[in-house]
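Student: I'd like to take a close look at one part of this structure, the hollow spaces inside, and then follow the chain outward from there. Could you walk me through what you see?

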Amino acid sequence: MSRSKSDQGGREITEHINTEVPTAVHELVSGLFERGEIELPMLPTVANEILELCQSEDVDAAKLSEVLHRDQSLAGHVLRIANSPIYQGTVPIVSLQQAVSRLGLQALSDIAVAVAVQGRLFLLPAARETAAKLWRHALATAYFSKEIARTRRRNVESSFLCGLLHDVGKPVVLSALLDAGETLDMEMTSGIQHAAMDEFHTVIGEALAQQWKMPAAVAESVRYHHDDYDQAPTCAEAAMTTCLADHLAHLTLPSHRREVTEEQIRDLPVLESLNIYPDELEALLARQEEVLKSVEAIG
Amino acid sequence: MSVPRFDFVVIGSGPAGQLAATTAARDGRSVLIIERDRGVGGACVQRGTIPSKTLRETAAYYAGLKVRSCGAFDVSIPPHIQLQGLMSRMEKVVTSHTAVMSRELEELGVEQWHGRARFVGPHELEVQGVRGEPRRVTADYIIVATGSRPRTPPHAPVDHEHILDSDSLLGTMYVPESLTILGAGVIAAEYASIFASLGVKVVMVDRHALPIGFLDKELSSRFVSHFEGHEGCRFLGERGVLRVEWDGVSSVVAELDDGEKISSEKVFCALGRIANLEDLNLDAVGLAPTERGLLAVDENFRTQVDYIYAVGDVIGPPSLASCSKDQGQRAAFHALGKQAPCQSETIPIGIYTIPEISSVGLTEELAREQCEPVVGRASFAEVARGVIGGHSTGFVKLIAHPGDGRLLGAHVFGESATELIHVAQMVLLSGGGVDVFTKHVFNFPTLAEVYQVAARNIERQLEAVGSSAATARS
């Protein structure tokens, strides 16, 4: 089953998926959200990498920081724990770099190991594949967010985190659906998974960001990174940056659902909102290969 | 389609551009102002003055509360507090200020275009918007007021992440625990004092012996003294920086030419600014930047092309809003064939450090090139309001002519310096002497009374040497 909808350039695009979310699934995810039972799982490969890194005698601080900066789930969990009563000082930690600077290597290692050992993992191969695509997209969005911030001469650190976590709600929804598959006696097809992720990821992601005491820029980027960025109450610029980065990431790493063209990117209204001139956009588009290589290098 | 024509086209809507545009519009001319950013105001409003002064306000209140609370409150800013929380009003301030400026331009009939302008021939510009086809415009007079941006030196590669400049510093999510500032100009000094007041360990490094070198030396020295009074804060003058590198984990290391290595959480690079000229296609009208990357102008701010003027940061320092406004106004008046009302010697300089610094007229050094000036000083601690408010570190310095006591210059370091200076500015504008301060009653208790103390100091010196001024007034 497929349907057509308009993209942000006003053109019709066809989505070759089942975009209807069954009522039972809708109620399940809504219920989990209302009860606050939302969890962010991790990829087993990342968990293994953390354990290997942190269990060596001389923990490579630069390497640990690098892993932290490229994994959405690890980043989210580290920030969550860093802001928990045990670790938190008088103010929340609001950036990955701040976490590295303030917590120090030992505490960071301890937290990372705890997350890797105790956290939920995507164990099913199909789920791992979907989750891995989500992670790659998150990382590509983070890289483009940095470049957009640099182009606009804005602080990069903030933009990077917004980009990395912008779709943090999607793996949460995915995990919930896979758990619920047996309970609901329903096959969670790829179409259902993606439709449910599309429908719920912004509100669930925002709830997670607020629960983890993320700064407003992150929470609002998670909630308003589509064509609703001007509804962001206080950090519209962060939301706009994430919106454009999201599109550029889709262009660079085409998901299995749709492809974005450069022509569509050039017509995005957010370019005007961000005051990005045609030559500046061309410079961003020229970075696709670099971003693709960086993401693929990680696997 | 015909190309629209205006009497004046102003490229850039910062302080210089605005004053040029409004001056021409008030004379009844047709004016177009072109701005490449969204919203008028230029870097001054969007990235510089307004955002930094908003943060400064919070830092100054915190510093003042510490003093005035006399230990009654435990006042401390936690390390790593979110920077946005300290600037929560910034967006409202910028939006409000931009709206006011835009409305003023509209009310004067100034047309506003959003886009990047470039010369395409004599009297003709092409304007490219973010979207859509470019459009052309012609004008009798064109005023270039495109401003500047922070310079990125090769040894301190600004990445807007670990090594910041004034465009990205205030976008930092949190107040760092330590900050190395490269440079000692106005921007470096302002941010150094702001972050020092917030409890950050700040190290300033610069090739010059004192910060803000164009000021009266006493002001610069007092700034250093006050700045180094904050824990962990140092000014390292007459030092060069060889390289600045991120260590890949948590620190940026600045290596100095004397071998010292300074490690800090962030580095702020404030080593000058570059004029925004590269998009203008100056070749098309036979202009070129100077070796320093600026536009050369004469005393009326006219370039080598007689219908093209340039004002503000594009012509070089001092890169202060007050000076830029004066330049914009004077350039427009010259193009209109009229005399500008303002005298550039009486344009005040305001520096928003904590506490503030402000000057008008001659420094002691410049005055000594002309005569043997009489200098009078007074501390804020010598007036009741200075003690009440805990502003004892402030002081005023007046420079007077030895012959008749005429005021030549005034310099203020301390609370409300940028407001207080206008009292001295008015005396300078009227050609008055220091007796203007002593013969008139001021409100009590006020900080302005410190002028009277400094003026009496000068009068005693004049009396001592039996000057004609002192004799006439006795």
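Tutor: Happy to! About 50 Å³ of space lies in the largest cavity, and the structure, which is a predicted model, holds three cavities of 30 Å³ or more.

Let's look at the walls of that largest cavity. Its lining is made of H69(A), S95(A), L96(A), Q97(A), E157(A), F160(A), L161(A) and E161(B). Sorted by character, these residues come out as three nonpolar, three polar and two charged. Two helices of chain A, α5 (96-118) and α7 (156-165), each supply at least two residues of the lining. The biggest share comes from α7(A), which gives three residues.

Now find E161(B), one of the lining residues, and then turn to H160(B). H160(B) sits in the loop between β7 (148-150) and β8 of chain B. Is H160(B) buried or exposed? Its relative accessibility is 5%, so H160(B) counts as buried; the cut-off for buried is under 20%. Leaving out residues up to four places away in sequence, H160(B) touches R150(A), R153(A), R154(A), N155(A), V156(A) and E157(A), along with D165(B) and S168(B). You have already met E157(A) in the cavity lining.

The loop leads us to a sheet. β8 (163-164) is an edge strand of chain B, and so is β11, each pairing on one side only. The open sheet has five strands in the order β8-β15-β9-β10-β11 (chain B), and the pairing is parallel. At the β11 end, three bridges join β10(B) to β11(B), and these two strands run parallel. For one partnership to find on screen, try M204(B), whose bridge partner in β11(B) is F235(B).

Both of those strands also help to cover a helix. In α6 (residues 217-227) of chain B, the residues L219(B), S220(B), F223(B), V224(B) and F227(B) are buried. Why do they line one face of the helix? Looking down the axis of α6(B), you would see the buried residues fall within an arc of 135°, so they line one face. Their cover includes α5 (186-197), β10 (201-205), β11 (234-236), β19 (357-361), β21 (395-400) and β22 (407-413) of chain B.

Let's finish with β21(B), one of the strands in that cover. Six of the six residues of β21(B) are buried, so the strand is largely enclosed by the rest of the structure. F395(B), K397(B) and I399(B) point one way, while V396(B), L398(B) and A400(B) point the other way, and all are buried. On one pairing, six bridges join β20 (residues 374-379) of chain B to β21(B), with the strands running antiparallel; here S379(B) stands opposite F395(B). Another pairing joins β21(B) to β22(B) through six bridges, again antiparallel, and there V396(B) stands opposite V412(B). β21(B) and β22(B) form a hairpin with six residues between them, and G405(B) in the turn has a positive phi of about 70°.

Notes:
Residues are numbered from 1 along each chain as its sequence is written. Chains are lettered from A and ligands numbered from 1 in the order in which they are written. This is a predicted model: local features need pLDDT of at least 70, side-chain atom pairs count only at pLDDT 80 or more; totals for chains, interfaces and linings use all residues. Side-chain values use heavy atoms; hydrogens and water are left out. On a 1 Å grid over the protein atoms alone, a cavity is a set of points where a 1.4 Å probe fits but cannot get out, and a pocket is an open set with protein on both sides within 12 Å along at least five of seven lines; lining residues have an atom within 4 Å of a point. Grid points are joined across faces, edges and corners, and a volume is the space filled by probe spheres set on the points. Helices (H or I, at least four residues) and strands (E, at least two) are DSSP runs, numbered from the N terminus. Ala, Val, Leu, Ile, Met, Phe, Trp, Tyr, Cys and Pro count as nonpolar, Asp, Glu, Lys and Arg as charged, and the others, Gly among them, as polar. Buried means under 20% relative accessible area, exposed over 50%, partly exposed in between (1.4 Å probe, protein chains only). The arc is that of the directions from the helix axis to the C-beta atoms. Contact means heavy atoms within 4.5 Å. Two strands pair if DSSP finds at least two bridges between them.
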